[in-house]
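These notebook entries record what I looked up, in the order in which I looked. The structure is placed below for reference.

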Amino acid sequence: MKRYYEAKRQSPILGSEEFSEGIRERGAAEVREYARYERRVVQTPPERVIGEVARQYKVAREEIFRGIRGRENEARKVAMYVVKRCCDRTLAEMAEYFKVGNYSAVGWSCRAIESKMTREKKLRDRIEKIIGSIHQLQT
C-alpha cells in the first residue's frame, strides 16, 4: 500500500491484475475535447452574429455597440446572447468586444434575454430565426 501511494500521479484501477495490466497497456484514452482556442476555427465569428441581428432588428451595426444607461436596447442584448450561444466566447471577451465595462453586465444581459424568452414566444422565435440564419450562412 505504501508503494502505491508513493508512486506519483497514478490513477487507481480497480479490478483483477489481468484487467489492470490490460488498461495500462492501452495507455491513456484518446481525448476528444478541444480547447476553446482550437474550436474557434470552426465557430461562427461574432461579426456574422452582429450583422444578422442588425438585419433582423433593422438597426445600424453601431446601434448594437451603443449602450445607454437606463435605455432598453433589445438588439444589443440579443446580440450578446447569440454571441455567447454561437461563438464560444468568454464573458470577459464579450465585454471587451461590446465595450461593456464589466463582464458581469454581459452575463446579466444574457440571463435577462433567457428569462424574457421563457415568457415571450415572439422573442424566442425571433432569436431562433437569427440563430437559424447564422447556421445557414455557415453551410
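**Entry 1. A first residue**

Is arginine 61 buried, partly exposed or exposed? I looked up its relative accessibility in this predicted model, and the value is 37%. Arginine 61 therefore counts as partly exposed, because that class lies between the limits of 20% and 50%.

I then looked for its partner. Arginine 61 forms a salt bridge with glutamate 47, and the closest N and O atoms are 2.6 Å apart. Glutamate 47 belongs to helix α4 and arginine 61 to helix α5, so I noted a link between distant parts of the chain, 14 residues apart. Glutamate 47 is also in the partly exposed class, at 40% relative accessibility.

**Entry 2. The chain as a whole**

I listed the secondary structure and found 9 helices and 0 strands. Read from the N terminus, the order of elements is α-α-α-α-α-α-α-α-α. The chain has 139 residues, of which 30% are buried. I also looked up the exposed surface, which comes to about 10300 Å², with 52% supplied by carbon and sulfur atoms. For contacts between residues at least 6 apart in sequence, I noted that 58% join residues at least 24 apart.

**Entry 3. Further salt bridges**

How many salt bridges does the structure hold? The search returned 8.

I examined the one between arginine 85 and glutamate 128, in which the closest N and O atoms lie 3.1 Å apart. This pair links distant parts of the chain, with arginine 85 in helix α6 and glutamate 128 in helix α9, 43 residues apart. Arginine 85 is partly exposed at 41% relative accessibility, and glutamate 128 is partly exposed at 35%.

I next turned to a bridge within one helix. The side chains of lysine 121 and aspartate 125 meet at 2.8 Å, N to O. Both residues lie in helix α9, and because they are 4 residues apart, about one helical turn separates them. For aspartate 125, I recorded a relative accessible area of 37%, which makes this residue partly exposed.

I also noted a network of salt bridges that links Glu63, Arg66 and Arg71.

**Entry 4. Aromatic rings**

I searched the whole structure for aromatic pairs and obtained 3. In one of them, the ring centres of phenylalanine 65 and tyrosine 97 are 5.4 Å apart and the planes stand at 70°. The pair is edge-to-face, because an angle over 60 degrees is classed in that way. Phenylalanine 65 lies in helix α5 (residues 61-65) and tyrosine 97 in helix α7 (residues 91-97), so that the pair links distant parts of the chain, 32 residues apart.

The two partners fall into separate burial classes: phenylalanine 65 is buried at 16% relative accessible area, whereas tyrosine 97 is partly exposed at 25%.

Tyrosine 97 also pairs with phenylalanine 98, again edge-to-face, at 5.3 Å centre to centre and 90° between the planes. Phenylalanine 98 is buried, with 0% relative accessibility. I therefore recorded Phe65, Tyr97 and Phe98 as a cluster linked by ring pairs.

One further ring was checked for a charge above it. Arginine 126 lies over the face of tyrosine 57, at 3.7 Å from the ring centre.

**Entry 5. The nonpolar core**

Which residues touch the most other members of the largest nonpolar core? I found Val53, Ile64, Val78, Val82, Phe98 and Ile127, out of 29 residues in that core. Helices α4 (46-57), α5, α6 (74-87), α7, α8 (103-119) and α9 (121-138) each supply at least two of its residues. Helix α6 gives the most, with 9 residues. As a general remark, nonpolar side chains in soluble globular proteins tend to be buried together.

I then took isoleucine 64 from this group and listed its contacts, leaving out residues up to four places away in sequence. Isoleucine 64 touches Ile50, Val53, Ala54, Val59, Ala75, Arg76, Ala79 and Phe98. Two names in that list, Val53 and Phe98, are also among the residues that touch the most other core members. Phe98 thus appears in my notes both in the ring cluster and in the core, as a buried residue at 0% relative accessibility.

Key
Residues numbered from 1 in each chain as written. Predicted model: local features only at pLDDT ≥ 70, side-chain atom pairs only at ≥ 80, totals over all residues. Heavy atoms only, no water. Phe/Tyr/Trp six-rings, centres within 6.5 Å; stacked < 30°, edge-to-face > 60°. Buried < 20%, exposed > 50% of the residue type's maximum accessible area, 1.4 Å probe, protein only. Lys NZ or Arg CZ within 6 Å of the ring centre and 35° of its normal. Core = buried A, V, L, I, M, F, W, Y, C linked by side-chain atoms within 4.5 Å. Contact = heavy atoms within 4.5 Å. Areas by Shrake-Rupley, 256 points an atom, 1.4 Å probe, with all protein chains shown as cover. Salt bridge = Lys/Arg side-chain N within 4 Å of Asp/Glu carboxyl O.
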